[in-house]
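Here is a short tour of a single chain, written to be read with the structure open beside it. Please keep the view to hand as we go.

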Amino acid sequence: MPEELPVSKIIRNRRTVKPAIMDSQLEVPRELIDELFENANWAPTHGFTEPWRFKVFTGEARHELALQLQKLYTGHTPEDQFRQDKLDKLGRNPLLAPVVIAICMRRGDNPKIPVVEEVEAVACAVQNMHLTASAAGLGAFWSSPPVLDTEGMRNFLGLRDEDCCLGLFYLGWLREGEKWPESIRQPVSEKVEWM
Ligand SMILES: Cc1cc2nc3c(=O)[nH]c(=O)nc-3n(C[C@H](O)[C@H](O)[C@H](O)COP(=O)(O)O)c2cc1C
């Protein structure tokens, strides 16, 4: 086995890049976004339900998304938990990233496949997208504000009751001068037991 497989390098270099350091003005080529989706589409899927669905927000549509997120946060947050900084961030983030993708799960019609497996398949698809983005030097951030699992969000995205939005995936190039972030993990040896 070579010292480090090419895929290992890509996996370990995958980072969460927050919209705050993205260049909102620098366009992400359509071909690259399509490549992300093509790779997402090759995620494993129990029973071939292929439950991943993506709704893409660019340009003016990001403003509508921002307004909707703020409306839902205001409407769903108990008064004692309301935080102005969270409300501001929900309004700001979609405008800081040139592309925002709503990650959706469309429940398949095979009752033998548990919902959790549909969610797992979508997570695999997102990982494929995230790895592809990182390999291209494109920043990406999977965000999961609590307002996603609401009727208002489902209506906004045109989802059915049995479907759900699992996150917002922000995409953008890093602004000039910003560095590719670092991350940490506890040793994997603590998480593996050979039985
Ligand atoms: C399902 C899922 C949801 C996430 N939601 C959030 C979120 O709402 N806010 C956030 O700051 N990070 C979120 N993250 C990203 C993590 O914060 C990030 O993966 C972690 O900080 C490790 O950084 P790395 O991805 O660069 O290794 C989410 C990640 C996953 C897998």
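What percentage of the 195 residues in the chain do buried residues make up? In this predicted model, buried residues account for 30% of the 195.

**Overall layout**

Let's begin with the chain as a whole. Its secondary structure consists of six helices and four strands, and from the N terminus the elements follow the order α-α-β-α-α-β-α-β-α-β. The radius of gyration is 18 Å, close to the 16 Å given by the globule rule for 195 residues, so the chain is as compact as a globular protein of that length. Along the principal axes, the C-alpha atoms fill a box of roughly 55 × 50 × 35 Å. If we take contacts between residues at least 6 apart in sequence, 83% of them join residues at least 24 apart.

**Strand S2 and its partners**

A good place to look next is strand S2, residues 99-105, where seven of the seven residues are buried. Both faces of this strand are covered: Val99, Ile101, Ile103 and Met105 lie on one side, with Val100, Ala102 and Cys104 on the other.

Which strands does S2 pair with? Strand S1 (residues 52-58) runs antiparallel to S2 and is joined to it by seven bridges. Strand S4 (residues 164-172) is also antiparallel to S2, again with seven bridges. To find the pairings on screen, look for phenylalanine 57 opposite valine 100 of S2, and for isoleucine 103 with its bridge partner glycine 167 in S4.

**The nonpolar core**

In soluble globular proteins, nonpolar side chains tend to be buried together. Here the largest nonpolar core has 43 residues, and those with the most contacts inside it are Ile103, Cys165, Phe169 and Leu171. The elements that contribute two or more residues to this core are helices H2 (30-40), H3 (61-76), H4 (84-96) and H5 (115-135), together with strands S1, S2, S3 (139-143) and S4.

Cysteine 165 deserves a look of its own. Setting aside neighbours within four places in sequence, cysteine 165 is in contact with Ala102, Ile103 and Cys104, and also with Leu148, Met153, Leu157 and Leu159.

**Around the ligand**

Which residues surround the ligand? They are Arg15, Thr16, Trp142, Ser143, Ser144, Gly167, Pro181 and Ser183. By class, this shell divides into two nonpolar residues, five polar and one charged. Gly167 in this shell is also the glycine that is the bridge partner of isoleucine 103.

**Three residues outside the buried set**

Most residues other than glycine have a negative phi. Phenylalanine 48 has a positive phi near 50°, and glutamate 50 has a positive phi near 45°. Phenylalanine 48 lies in the loop between H2 and S1, and glutamate 50 is found in that loop too. Alanine 135, by contrast, is in helix H5. The table gives the surroundings of these residues.

| Residue | C-beta atoms within 10 Å | Exposure |
|---|---|---|
| Phenylalanine 48 | 9 C-beta neighbours | exposed |
| Glutamate 50 | 15 C-beta neighbours | partly exposed |
| Alanine 135 | 17 other C-beta atoms | partly exposed |

Why is alanine 135 partly exposed? It has 17 other C-beta atoms within 10 Å, whereas a buried residue needs 20 or more and an exposed one has 12 or fewer. Finally, alanine 135 and methionine 195 are 60 residues apart along the chain, and their C-alpha atoms are separated by 35 Å.

Key. Residues are numbered from 1 along each chain as its sequence is written. This is a predicted model: local features need pLDDT of at least 70, side-chain atom pairs count only at pLDDT 80 or more; totals for chains, interfaces and linings use all residues. Two strands pair if DSSP finds at least two bridges between them. A nonpolar core is a set of buried Ala, Val, Leu, Ile, Met, Phe, Trp, Tyr and Cys residues joined through C-beta atoms within 7 Å. Two residues are in contact if their C-beta atoms, placed from the backbone, lie within 7 Å. A residue is near a molecule or strand if its C-beta atom, placed from the backbone, lies within 6 Å of it. Ala, Val, Leu, Ile, Met, Phe, Trp, Tyr, Cys and Pro count as nonpolar, Asp, Glu, Lys and Arg as charged, and the others, Gly among them, as polar. The radius of gyration is taken over C-alpha atoms; the globule rule is 2.2 Å times the number of residues to the power 0.38.
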